[in-house]
Amino acid sequence: MPKVLISDKMDPRAAAIFRERGIEVDEITGQTPEELKAIIGQYDGLAIRSSTKVTKDILDAATNLKVIGRAGIGVDNVDIPAASAKGVIVMNTPFGNSITTAEHAIALMFALARQLPEANAQTQQGLWPKNGFMGVEVTGKTLGLIGAGNIGSIVASRALGLKMKVVAFDPFLTPERAVEMGVEKADLDTLLAKADFITLHTPLTDQTRNILSKENLAKTKKGVRIINCARGGLVDEAALKEALDSGHVAGAALDVFATEPAKESPLFGTPNFICTPHLGASTDEAQVNVALQVAEQLSDYLLDGGITNALNVPSLSAEEAPKLKPYMALAEELGSLVGQLEGDKIQGVSVEVEGHAAELNQKPITAAVLAGLMRVYSDTVNMVNAPFLAKERGLDVREVRHDREGDYQTLVRVTVKTEAGDKSVAGTLFGNAQPRLVELFGIKVEADLAGHMLYIVNQDAPGFIGRLGSTLGEANVNIGTFHLGRRNQGGEAVLLLSVDGAVSEEVLADICKLTGVKTVKLLRFA
Ligand SMILES: NC(=O)C1=CN([C@@H]2O[C@H](COP(=O)(O)OP(=O)(O)OC[C@H]3O[C@@H](n4cnc5c(N)ncnc54)[C@H](O)[C@@H]3O)[C@@H](O)[C@H]2O)C=CC1
Ligand SMILES: O=C(O)C(=O)COP(=O)(O)O
């Protein structure tokens, strides 16, 4: 039974779903990295929010981990390259908390416009400060939207409803989408110059880090109000403090900080500064949404191989997964076969599908070929990290989908490019389920690839099979199945024999000495 750890505070419905679906679940929150490291090895899945930091160090200790599910959007607390290298899938729930976070940005905008937190505090102190809080209207004002993705576009629609004008800066926003959203697409400088309020909704990347730097803050309109409900690090906090102190920025509201938890900050206590402790996603509705989604996604993957909202592998729906499963087994066997036969000589790989296979999502098939192929180098390769490892090794990977009718109802062909030319193997599914090799380096040969197998290339000649049988018999090697193919009579022949165990180097050397033998190799399949 798979086992999942929930390591951040999550709606109890997440644990309930895991249990309902037959997954063992532990909920242990607030652990130090050392504590998490000590127990993570027991788990197949990890469900987190933003508090758990999944570093390379944690991943190195996560010897059974297959999938990380982020109940939320931002995954900057997960070392995704390290997870990918270890073959661990990283998923998020990209929409579950977007409305809630957009509403928090709007709430902070109003809180800034009317100085609500300070007015509330002073009123409750008995000061009745009726003349101390002159606010501004948002109607007719310009909202500068930095980042017009899921949350940004919800903020825009709410702001338009409030009769604001919205100017958006997002390099990936198309003019058509801007029209559809009812916003004016602008470059950053134009936005900075025009906006009365600026709200940030981008991930933290090398391009967005410090996007509101000291220099850019200086380009804003005097009296601008700034809201950040996206990620700490988008705004230069020291420069913001100066701009608030000088009065250039009339107010700022941060839900997120460069260092979290933010227990101290030069901004604390600054007039017209408001903050919340990363509450953007904290509503009942959003937390139920993300908890349900993350639990279903992790369960689908751990139980059926379905992949939804993964950030480091192509998606694979729970409906597709069972159809693709036998193909992925076939693809992995073909990859393993060429990997074991050609190994280091491989410079590129082409994966072709035809017949029924051409109707399926090809990415997982290609990933499975690469997993089989790369397993020659490491036991820990799987279809998640195989494409990364293949890239690291500089393998040129191509995918081809044929519409043509072939000899088989369904076929997967793997061709590897080597200095000696292209070499190709192909396989089909019998009864839509059973992988079967049908072609090996241009020779038609039908074989199940399983267990220990002997691969022999020889010159087709009478008596060879008898001599081979005697050599193996004398060495007490039992033959399970025997598959033979040849280019033409008297030409090159290929033999694939399944044997009941490993064959010693001495026996392989004896086979090599038989007349006509060109190549002998012991292969191992799952
Ligand atoms: N405070 C909180 O509790 C929460 C914060 N968030 C954060 O909100 C942010 C936005 O989330 P979504 O809208 O769902 O993401 P999204 O991926 O839908 O949108 C992000 C947008 O940023 C744009 N972008 C990327 N690089 C940019 C650049 N250099 N300049 C301008 N725009 C750029 C992208 O094109 C995209 O349209 C994320 O960082 C997420 O982690 C999300 C949920 C809750
Ligand atoms: O979804 C996100 O990106 C968030 O920042 C929400 O964070 P949280 O799950 O509330 O710790």
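In the predicted model, six strands form an open sheet in the order β14-β13-β15-β16-β17-β18, and their pairing is mixed. The edges of this sheet are occupied by β14 (396-401) and β18 (443-447), each of which has a single partner strand, so that one side of each is left without a neighbour in the sheet. From one strand to the next, the twist averages 20 degrees. Within the sheet, strand β15 (residues 410-418) pairs with strand β16 (residues 421-430) in the antiparallel sense, the two being joined over seven bridges, and T415 has S424 as its bridge partner in β16.

Two helices are associated with this six-stranded sheet. Helix α13 (residues 320-342) packs on the sheet and touches β15, β16 and β17 (434-440), its direction making about 150 degrees with that of β16. Helix α14 (residues 362-374), in turn, lies across β13 (348-355), β14 and β15, and runs at about 135 degrees to β13.

A further open sheet consists of five strands in the order β2-β1-β3-β4-β5, here with parallel pairing. At its edges stand β2 (24-27) and β5 (89-92), and because each has a single partner strand, one side of each is left without a neighbour in the sheet. Neighbouring strands of this sheet are turned against each other by 20 degrees on average, direction ignored. Strand β1 (residues 3-6) and strand β3 (residues 45-48) run parallel and are joined by three bridges, with G45 in β3 serving as the bridge partner of V4.

Helix α1 (residues 12-20) packs on the five-stranded sheet, where α1 touches β1, β2 and β3 and its direction makes about 160 degrees with that of β2. Helix α12 (residues 284-304) lies across β1, β3, β4 (67-70) and β5, and runs at about 165 degrees to β4. These two helices also meet each other: the axes of α1 and α12 come within 8 Å and cross at roughly 25 degrees, an angle that makes α1 roughly parallel to α12. The crossing in which α1 passes α12 is right-handed. On the α1 side the contact involves R13, A14, I17 and F18, which meet V288, A291, L292, V294, A295, E296 and S299 in α12. By class, the residues of the contact of α1 with α12 comprise eight nonpolar, one polar and two charged.

The model also contains ligands, whose surroundings can be described residue by residue. Ligand 1 is surrounded by 32 residues, of which the closest are G74, G149, I151, F172 and G280. The elements contributing two or more residues to the shell around ligand 1 are α5 (98-113) and α7 (150-161), and the largest share, three residues, comes from α7. The shell around ligand 1 divides into 13 nonpolar, 16 polar and three charged residues.

Around ligand 2, the residues are R49, S50, G72, I73, G74, N97, H278, G280, A281 and S282. The composition of this shell is two nonpolar, seven polar and one charged. G74 and G280 are listed around ligand 2 and are also named among the closest residues to ligand 1.

Key
Residues numbered from 1 in each chain as written. Chains lettered and ligands numbered in written order. Predicted model: local features only at pLDDT ≥ 70, side-chain atom pairs only at ≥ 80, totals over all residues. Pairing = 2+ DSSP bridges. Helix = DSSP H or I, 4+ residues; strand = E, 2+ residues; numbered from the N terminus. Axes fitted to C-alpha atoms, helices over the stretch in contact; angles between N-to-C directions. Contact = placed C-beta atoms within 7 Å. Parallel < 35°, antiparallel > 145°, perpendicular 65-115°, else oblique. Left-handed = near helix turned anticlockwise from the far one by under 90°. Nonpolar A, V, L, I, M, F, W, Y, C, P; charged D, E, K, R; others polar. Near = placed C-beta within 6 Å.
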